[in-house]
Amino acid sequence: MYFAIIGNHPEITLKELHQVHPKNLKQISDHLITFDTNEADKLTNIASLIKRWEVLPFEEIENILTARHCEGNEVSRGNLLNKKPKILWIADKVMGINFKKKYGMKRFKQVDILHTDLDVKKKGIELVKIPPAKGDTPKGRGAVVEYGVVLGYQNIKLYEVIDFEKPGRSMQLGMMPAKLTHSLINIALSFTKNQEKTLIFDPFCWTGTTGFLANYFGYNFIGSDIKLNLALKNQSWREESRYYQDKLFKFYEQDISKPLDPNNFADLLSHETVIVTEGRLGPVIKQTTTAEEVIEYQRRVKNLYLQFIQTITNFFGEKRPPMVFTIPIYIGHENSIEEHITTLTEKLGRKIESIEEPYKREQHKVARKIIILR
Ligand SMILES: C[S@@+](CC[C@H](N)C(=O)[O-])C[C@H]1O[C@@H](n2cnc3c(N)ncnc32)[C@H](O)[C@@H]1O
């Protein structure tokens, strides 16, 4: 059995997790889930899992804490740890103190369940207490607690590099956070049959965040935008960071309200394609922007989204690639973009789902909502 600590958007995590076909999924508490899967190697790439790994029988935990697993050539769970961990990280104080004493660990550090710290990996071990799920009857006294060993942490560094180190970027225009883009890619991939051969298409690619992540994780990518200035500015930076040189990576100038040029976009038809994008957010909303202006901005932005869906539908015909994208939500105003998209998608005979306003922050005037079209 596996466990994961999830962040503040469980709806996104559960959608992303479809990729590993989880079975017996249980939400134990706000931030803790357990599940079975045969595709645990893919868990490394799930953006919204803060930490993860396996729930182990207590004897194995004990073996790790006493480093008995290193006797002879036997190493439990691959190369989890090859020497006795010195520091124990754990959220439960009483348990931490007891374990430290019992297993002769050098230090015990109490940590918040959501914290991540590279030191944990280098110097010690982090355990997560897994109580039984609500409704599961514990079998006898003492059988209540299981433990998970944390082996993987969210790759925050990668997201920071993409968000803050690329040469072509503009904080003012509200760049899509790389972590959210990664979640959208995973949600889209969960609908495909052969993920390794999938092509990700971002028709509002701007700085190229989706393309960077697509290639970083080994997927083909084609991007387009009405303006390619920032995508081109980031080109050499992106090429230096490419891990999968054999994967497609192309950009084209294209107004998405106009038909796609078949000469440029033939690859979209010869691959299993998914559309992942953050479309236009609209003009910047200021303190002085009036309610009437917001209605007008929404009308324009809505028209572009409807044209985008129509362009994709016309180009792909019966193929209907999954589309996962964000729309802007104007905080404190009536929002109508989703309603118009729903009417169009129902007319086209497609299914629509949405995920409520992720990443809404106090100071923000525009938030995002995720739309999933099947
Ligand atoms: C909010 S940005 C996308 C940001 C991108 N996800 C990122 O983080 O780098 C919206 C993009 O839509 C593009 N855009 C606006 N109107 C367009 C149109 N009609 N066709 C294609 N792209 C358009 C803009 O040039 C801009 O790059």
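Helices are taken here as DSSP runs of H or I spanning at least four residues, and are numbered from the N terminus. In this predicted model, Met 95 lies in helix 3, which covers residues 93–103. Because Met 95 has 17 C-beta neighbours inside 10 Å, this residue counts as partly exposed. Leaving aside residues up to four places away in sequence, Met 95 touches Ile 90 and Lys 129; Gln 110, 15 residues apart from Met 95 in sequence, has its C-alpha 9.9 Å from that of Met 95.

A contrasting environment is that of strand 13 (residues 323–330), which is mostly covered, eight of its eight residues being buried. In a regular strand the side chains alternate between the two faces of the sheet. In strand 13, Met 323, Phe 325, Ile 327 and Ile 329 point one way, while Val 324, Thr 326, Pro 328 and Tyr 330 point the other way, and all are buried. Strand 13 pairs in the parallel sense with strand 12 (residues 273–278) over four bridges, and Thr 326 of strand 13 is the bridge partner of Glu 278. The chain passes from strand 12 to strand 13 by way of helix 11 (residues 291–316), in a β-α-β crossover that is right-handed. With strand 15 (residues 366–373), strand 13 pairs in the antiparallel sense over eight bridges, and Ala 367 in strand 15 is the bridge partner of Ile 329.

Glu 278 also appears in the surroundings of the ligand, where the closest of 16 residues are Met 176, Phe 204, Trp 206, Thr 207 and Glu 278. By class, this shell comprises eight nonpolar, three polar and five charged residues.

Note on methods: Residues numbered from 1 in each chain as written. Predicted model: local features only at pLDDT ≥ 70, side-chain atom pairs only at ≥ 80, totals over all residues. Helix = DSSP H or I, 4+ residues; strand = E, 2+ residues; numbered from the N terminus. Buried ≥ 20, exposed ≤ 12 C-beta atoms within 10 Å, placed from the backbone. Contact = placed C-beta atoms within 7 Å. Near = placed C-beta within 6 Å. Nonpolar A, V, L, I, M, F, W, Y, C, P; charged D, E, K, R; others polar. Pairing = 2+ DSSP bridges. Right-handed = clockwise from strand over helix to strand, strands pointing away.
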